[in-house]
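Trainee: I have a model open and want to reason through its packing. Can we take it step by step?

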Amino acid sequence: MTYPYPTTRDTAELLALKEKIEKLSAPDRLRLAADLMEAGKFPLAETIAERVVHELKTLRILERQP
């Protein structure tokens with residue numbers, strides 16, 4: 001396998017990032033995704049952006065409900 005296994009440090013960094021992301025508003029999460037894109041962390045940026053889009057679609061659907 002050419003991809004290295006995540007280290008304990010990698011896991012700790014991802015958990016800290018997850019905590020940070022959960023506290024952000026949708027616009028701030030999109031800004032974070034943009035920052036991650038600039039840093040070349042495309043999979044992470046894509047995941048964050050997809051979750052914001054999913055949240056927006058859910059809100060739009062819920063607004064249509066009587």
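Trainee: Which residues of H3 are buried?

Mentor: Keep in mind that this is a predicted model. H3 runs over residues 42-64. Buried here means under 20% relative accessible area. The residues of H3 that pass are Ala45, Ile48 and Val52.

Trainee: What covers the buried residues of H3?

Mentor: Look for heavy atoms within 4.5 Å, since that is what contact means. The cover includes two helices, H1 (8-22) and H2 (26-38).

Trainee: How far does H3 reach from its first C-alpha to its last?

Mentor: H3 has 23 residues. At 1.5 Å a residue, 33 Å is expected. The model comes close to that, with a reach of 33 Å.

Trainee: And H2, how far does that helix reach from its first C-alpha to its last?

Mentor: H2 has 13 residues, for which 18 Å is expected at 1.5 Å a residue. The helix is close to that expected span, and its reach is 19 Å.

Trainee: What arc do the buried residues of H2 cover around the axis?

Mentor: Start with the list: Ala26, Arg29, Leu32, Ala33 and Leu36 are buried in H2. They lie on the same side of H2, because the arc around the axis is only 110°.

Trainee: Why do residues three or four places apart point the same way in an α-helix?

Mentor: Count the residues in a turn. Positions three or four places apart point the same way because an α-helix has 3.6 residues a turn.

Trainee: Which exposed residues does the face of H2 turned away from its buried side carry?

Mentor: Separate the two faces first. The buried residues of H2 pack against H1 and H3. The face turned away from that buried side carries the exposed residues Arg31 and Glu38.

Trainee: Is arginine 29 buried or exposed?

Mentor: Arginine 29 sits in helix H2. Its relative accessibility is 12%. The cut-off for buried is under 20%. So arginine 29 counts as buried.

Trainee: Which residues is arginine 29 in contact with, leaving aside neighbours within four places in sequence?

Mentor: Check one partner from its own side. Isoleucine 21, found in helix H1, touches Arg29, Leu32 and Ile48, not counting residues up to four places away in sequence. Isoleucine 21 is itself buried, with a relative accessible area of 16%. For arginine 29, the full set is Ile21, Leu24, Ile48, Val52 and Glu55.

Trainee: How are H2 and H3 oriented to each other?

Mentor: The two helices pack at an angle of about 160°, with axes 8 Å apart. Angles over 145 degrees count as roughly antiparallel. H2 and H3 are therefore roughly antiparallel.

Trainee: What is the handedness of the crossing of H2 and H3, given as left-handed or right-handed?

Mentor: On the H2 side, the contact residues include Arg29, Leu30 and Met37. On the H3 side, they include Phe42, Ala49 and Glu55. The crossing of the two helices is left-handed.

Trainee: What is the sign of phi at glycine 40?

Mentor: Glycine 40 follows H2. Its phi is near 80°, so read the sign from the value: positive.

Trainee: Is glutamate 63 buried or exposed?

Mentor: Compare it with arginine 60, also placed in helix H3. Arginine 60 is partly exposed at a relative accessible area of 45%. Glutamate 63 is found in H3 and has 69% relative accessibility. The cut-off is over 50%, so glutamate 63 counts as exposed.

How values were computed. Residues are numbered from 1 along each chain as its sequence is written. This is a predicted model: local features need pLDDT of at least 70, side-chain atom pairs count only at pLDDT 80 or more; totals for chains, interfaces and linings use all residues. Side-chain values use heavy atoms; hydrogens and water are left out. Helices (H or I, at least four residues) and strands (E, at least two) are DSSP runs, numbered from the N terminus. The expected span of a helix is 1.5 Å times one less than its number of residues. Buried means under 20% relative accessible area, exposed over 50%, partly exposed in between (1.4 Å probe, protein chains only). The arc is that of the directions from the helix axis to the C-beta atoms. Axes are lines fitted to C-alpha atoms, for helices over the stretch in contact, and angles run from 0 to 180 degrees between N-to-C directions. Angles under 35 degrees count as roughly parallel, over 145 as roughly antiparallel, 65 to 115 as roughly perpendicular and the rest as oblique. A crossing is left-handed if the near helix is turned anticlockwise from the far one by less than a right angle, and right-handed if clockwise.
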